[in-house]
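Colleague: Could you take me through this model before I set up my calculations? I would like to begin with the cysteines.

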Amino acid sequence: MDVSGEQHYDIRHDIIKKRIDHLGNVIESRKDGVGAPKIERPLQKHGGRLDHNEVYCGSCYGAEESDDQCCNSCEEVRDAYRKKGWAVNNVELIDQCKREGYVQRLKDEQGEGCTIHGFVNVNKVAGNFHFAPGKSLDQSFNFLQDLLNLQPETYNISHKINKLSFGEEFPGVVNPLDGVEWIQDNSNGLTGMYQYFVKVVPTIYTDIRGRKIHSNQFSVTEHFREAIGYPRPPPGVYFFYEFSPIKVDFTEENTSLLHFLTNICAIVGGIFTVAGIIDSFVYHGHRAIKKKMELGKLG
């Protein structure tokens, strides 16, 4: 999201997300529905169970926008609640979520982590991108809070940044967050937001052949904000970035022959000058010592 008002949630294109266990090993993704509890036939909106000759129309549990709206999956129920600005407090009481094994899947995923790689295109204005549980944070963090109700109080946001860059790589660039790792201290029983404040400097690199690379460099400061108070800040890793009004231009050039010869002459001249000073110092020193010795013999 950025200051222009553009927002993108739950990005999937050009982003690869994988589940990992506590040792960092990739977990094989399970198909939806595997292990879901077997219950009675789906519950219809009118309160009865689905008959063979009926079309399924699930209840939205009070969040319907019209009388003919149906919520046939757990996701549709949660979407309806998000649009209303409501929080889903008792997921286990929702028939669609029970049939899909939603609660059991969340419990099975406790203790897991994730690895994410890819890229996103952003506008050249101040904004942020973040990694957090849940989605649709524009609805008062309702779904996020619903998810946390089923998670431990100390949601672990330990993370390692293998690589982070803004734009194409160019020779000599240093990305200060590459390899950075932060481990959450669970001794105080608090989770929170880990924030990176990034200052992005537009950069143009021109190589010796005249090929230009339009990229960026950045500097960063970091801060951990504990989840204290109300509304409770959503846990996650947040990157707040802004672009500098200054642009840096690097140009790779060959040294001309005349400049090279001038440098050689300057080096040779410097050597001769230093050698002359040393020679003069040694000569006058030797002469002074010899003169004192002669005066001593005459005395």
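Modeller: We can discuss the disulfides, then the helix that follows them, a strand pair and an annotated segment. Please keep in mind that this is a predicted model.

Colleague: How many disulfides are there?

Modeller: The count comes to 3 disulfides. With the bonded cysteines numbered in sequence order, the pairing reads 1-3, 2-4, 5-6.

Colleague: What is the sulfur separation for cysteine 57 and cysteine 70?

Modeller: Their sulfur atoms are 1.8 Å apart, and the two residues form a disulfide. Cysteine 57 and cysteine 70 both sit in the loop between strand S1 (15-20) and H1, 13 residues apart.

Colleague: Is that disulfide left-handed or right-handed?

Modeller: The torsion about the S-S bond of cysteine 57 and cysteine 70 is about -90 degrees, so the disulfide is left-handed.

Colleague: And is cysteine 57 buried or exposed?

Modeller: Cysteine 57 has a relative accessible area of 17%, so it is buried, given that buried means under 20%. Its partner, cysteine 70, counts as partly exposed at 27% relative accessibility.

Colleague: What about cysteine 60 and cysteine 71: which handedness does the torsion give there?

Modeller: The torsion about their S-S bond is about 95 degrees, so this disulfide is right-handed. The two residues are 11 residues apart, with cysteine 60 and cysteine 71 each in the loop between S1 and H1. The sulfur atoms of cysteine 60 and cysteine 71 lie 1.8 Å apart, and both residues are buried.

Colleague: Which parts does the pair of cysteine 74 and cysteine 97 tie together?

Modeller: Cysteine 74 and cysteine 97 form a disulfide with their sulfur atoms 1.9 Å apart. Cysteine 74 lies in helix H1 and cysteine 97 in helix H2 (residues 95-100), so the pair ties together parts that are 23 residues apart in sequence. The link of cysteine 74 and cysteine 97 is right-handed, with 80 degrees about the S-S bond.

Colleague: How accessible is cysteine 74, then?

Modeller: Cysteine 74 is buried, with a relative accessible area of 0%. Cysteine 97 is also buried, at 2%.

Colleague: Two other cysteines caught my eye. Is cysteine 114 buried or exposed?

Modeller: Cysteine 114 counts as exposed, at 53% relative accessibility. Cysteine 265 is likewise exposed, with a relative accessible area of 55%.

Colleague: Back to H1. Which of its residues are buried?

Modeller: Helix H1 covers residues 74-84, and its buried residues are Cys74, Val77, Arg78, Ala80, Tyr81 and Arg82. Just after H1, glycine 85 takes a positive phi of about 80 degrees.

Colleague: Changing topic, how do strands S6 and S7 run?

Modeller: Strand S6 (residues 192-206) and strand S7 (residues 212-226) run antiparallel, joined by 15 bridges. In this pairing, tyrosine 196 stands opposite glutamate 222 in S7.

Colleague: What lies between S6 and S7?

Modeller: There are 5 residues between them, and the two strands form a hairpin. In the turn, glycine 210 has a positive phi of about 90 degrees.

Colleague: Lastly, which residues does the transmembrane region annotation cover?

Modeller: The UniProt annotation, from an unreviewed entry, assigns "transmembrane region" to residues 257-283.

Colleague: How much of the span 257-283 is helix?

Modeller: The span is 100% helix and 0% strand, and its end C-alpha atoms lie 38 Å apart.

Terms used: Residues numbered from 1 in each chain as written. Predicted model: local features only at pLDDT ≥ 70, side-chain atom pairs only at ≥ 80, totals over all residues. Heavy atoms only, no water. UniProt positions renumbered as here; feature names shortened; annotations may be inferred. Helix = DSSP H or I, 4+ residues; strand = E, 2+ residues; numbered from the N terminus. Pairing = 2+ DSSP bridges. Buried < 20%, exposed > 50% of the residue type's maximum accessible area, 1.4 Å probe, protein only. Disulfide = S-S within 2.5 Å.
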